[in-house]
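Subject: Handover of a two-chain model

Dear colleague,

Please find below the structure that I am passing on to you. The findings follow after it, arranged by topic.

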Amino acid sequence: MTSQSCHTIMAHLEAYLDGELEATECQAIEAHCTGCTSCAAVVAELRETIGLCRQVASVPLPEPVRARALERVRRLLNG
Amino acid sequence: MTKSAELHLSDGDPRRAAYASLVREAAAGDAGAMERLLVGAQEVAYRFSLLVCGHAEDAEDVMQEALLKTYQHVRRIQDPEAFRTWLYKTVRNACLMKRRRRVDEPAGYVSIEQGGDADEGEPRALGVADTARLADQQMIDAWIGVRLREALQALSPEYRAVVVLREIEGLSTREVASITRLSEANVKTRLHRARVLMRTRLGPALAQSTKTAP
C-alpha cells in the first residue's frame, strides 16, 4: 500500500481491524491516521464498536438462566 | 475431504481446540467435562437466541434442544474438532424452527428467516411492540446494555447473525461461512457493513467515550 489517501485507507480498513495486513501496511494506515482526524475517528469508533461486541462474550448469563441450565443438565445426567 | 475436515485443518483457533478437548473428555466419560460442555452449549443457545432472534421464551426452548442434541451427539461423535461448528448450526436451526412456529406474532426483532434482502443492512418495518417484547428487551438490556442491544436490533437478521457469530462468539470467518451457508467473501462484506451501521447507531456514545478517553 503506497498511496495514503483516505480512500485507500478505507479500502483496507476491515483487513486492518481484523489483523490481516502486513506490518508495513498497518504502519501506513497508522501514519495516515496520525495526520487525518476523520480517518482516525473512524478507526477508533469501529474499534470501540468491535470491542463492545467482544465484551459480551465475557458477560455471564443472568444467574437464573445459568441456574436453570445447570439444573437441566443435572436432571438429564442423573436420569 | 469433507467440509468439516477442511474447516479445522487450516485453522488453528485455540478456542475451538479447547472445545474439542472438552468434547473428547466428555465422550470418554468425564462427568465434569460433560456437565461443563452441556452448560456451555446452553449458554451458546441463549446468547444466539436472544441476540439474533430476540425472544426470551424461545431461548429457553432452544437451550433445551441444544442440551439434548449435544448430549446425543457427543456420545457418538466422530470429529470433535468440528463440534463447535456443529453446535452453532444446531442452535441456528433450532431458532429458525421456533420462529416458523410463530409466524403470526408481532416482532420487535425481525426474525432470522424473515430477513428481507440479504444485501440490505436495514431491517424491515417492525411490528407493534407488545408486553412480551418489552420484557425481552428489558432482559437483554439488563444483560448487555441498552446501547448495544439497540445497535444490534437496528441490523437485519442476516447481519446480526454474522456479527454475533464473528464478534461475540469469536468464530472464524470460515466457520461463520459454514454455519450461515454464505461464502467467506460474503461474510466479510456483511460484517463490514454491519460494523459501519452499528458505529453509526452507536455514534454519539462512541464520540463521547473517545473524547473522555485518557
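Which residues does Thr173(B) touch, not counting residues up to four places away in sequence? Within that restriction, the contacts of Thr173(B) are Arg166(B), Glu184(B), Val187(B) and Lys188(B). Thr173(B) belongs to helix 9 of chain B, which spans residues 173-180. Its relative accessible area is 10%, so Thr173(B) counts as buried. Please bear in mind throughout that this is a predicted model.

Chain B as a whole

The secondary structure of chain B consists of ten helices and zero strands. Chain B has 214 residues, and 54% of them are buried. Among the contacts in chain B with a separation of 6 or more, 70% are between residues 24 or more positions apart.

The interface

Chain A contributes 29 residues to the contact, and chain B contributes 35 residues. About 3,200 Å² is buried between chain A and chain B, and carbon and sulfur atoms give 62% of that area. The interface of chain A and chain B also holds nine salt bridges, and 13 residue pairs are in polar contact across it, both residues being at pLDDT 80 or more. On the side of chain A that touches chain B, helix 2 (13-17), helix 4 (37-56) and helix 5 (63-77) each supply at least two residues. That side of chain A divides into 18 nonpolar residues, one polar residue and ten charged residues.

Salt bridges between the chains

Over all chains, the structure holds 19 salt bridges. Side chains of opposite charge can pair when their charged atoms come close. Several individual pairs may be of use to you.

Glu20(A) and Lys188(B) form a salt bridge with an N to O distance of 3.4 Å. Glu20(A) lies in the loop between helix 2 and helix 3 (23-35) of chain A, while Lys188(B) lies in helix 10 (residues 184-212) of chain B, so this pair joins two chains. Glu20(A) is partly exposed at a relative accessible area of 41%, and Lys188(B) is likewise partly exposed, at 38%. Lys188(B) has already appeared above as a contact of Thr173(B).

Glu43(B) and Arg66(A) meet at 2.3 Å, N to O, in another salt bridge. Because Glu43(B) is in helix 3 of chain B and Arg66(A) is in helix 5 of chain A, this pair also joins two chains. Is Glu43(B) buried or exposed? With 18% relative accessibility, Glu43(B) counts as buried, whereas Arg66(A) is partly exposed at 34%.

Glu35(B) and Arg74(A) are paired in a salt bridge at 3.0 Å, N to O. The pair crosses between chains, from helix 3 of chain B, which holds Glu35(B), to helix 5 of chain A, which holds Arg74(A). Glu35(B) is partly exposed, with a relative accessible area of 24%, and Arg74(A) is partly exposed at 40%.

A further salt bridge links the side chains of Arg68(A) and Glu60(B), with 2.6 Å from N to O. In addition, a network of salt bridges links Glu14(A), Asp18(A), Arg54(A), Glu167(B) and Arg195(B).

Nonpolar cores

The largest nonpolar core has 64 residues, of which Leu51(B), Val91(B) and Leu152(B) touch the most other members. Helix 3 (residues 31-53) of chain B provides the largest share of this core, 14 residues. A second, separate core has 15 residues, including Leu13(A), Cys26(A), Cys33(A) and Val42(A).

Two further residues

Arg47(B) is also found in helix 3 of chain B. Arg47(B) has a relative accessible area of 11%, which is under the 20% limit, so it is buried. Not counting residues up to four places away in sequence, Arg47(B) touches Leu61(A), Val52(B), Trp143(B) and Glu169(B).

Gly79(A) is located in the segment after helix 5 of chain A. Its relative accessibility is 95%, so Gly79(A) counts as exposed. Between the C-alpha atoms of Gly79(A) and Val65(A) the separation is 21 Å, and the two residues are 14 residues apart along the chain.

Yours sincerely

Methods: Residues are numbered from 1 along each chain as its sequence is written. Chains are lettered from A and ligands numbered from 1 in the order in which they are written. Side-chain values use heavy atoms; hydrogens and water are left out. Contact means heavy atoms within 4.5 Å. Buried area is the accessible area (1.4 Å probe) that two parts lose on being put together, summed over both. A salt bridge is a side-chain nitrogen of Lys or Arg within 4 Å of a carboxyl oxygen of Asp or Glu. A polar contact is a pair of N or O atoms within 3.5 Å; within protein, one must be able to donate a hydrogen and the other to accept it, and residues adjacent in sequence count only if both atoms are side-chain atoms. Helices (H or I, at least four residues) and strands (E, at least two) are DSSP runs, numbered from the N terminus. Ala, Val, Leu, Ile, Met, Phe, Trp, Tyr, Cys and Pro count as nonpolar, Asp, Glu, Lys and Arg as charged, and the others, Gly among them, as polar. Buried means under 20% relative accessible area, exposed over 50%, partly exposed in between (1.4 Å probe, protein chains only). A nonpolar core is a set of buried Ala, Val, Leu, Ile, Met, Phe, Trp, Tyr and Cys residues joined through side-chain atoms within 4.5 Å.
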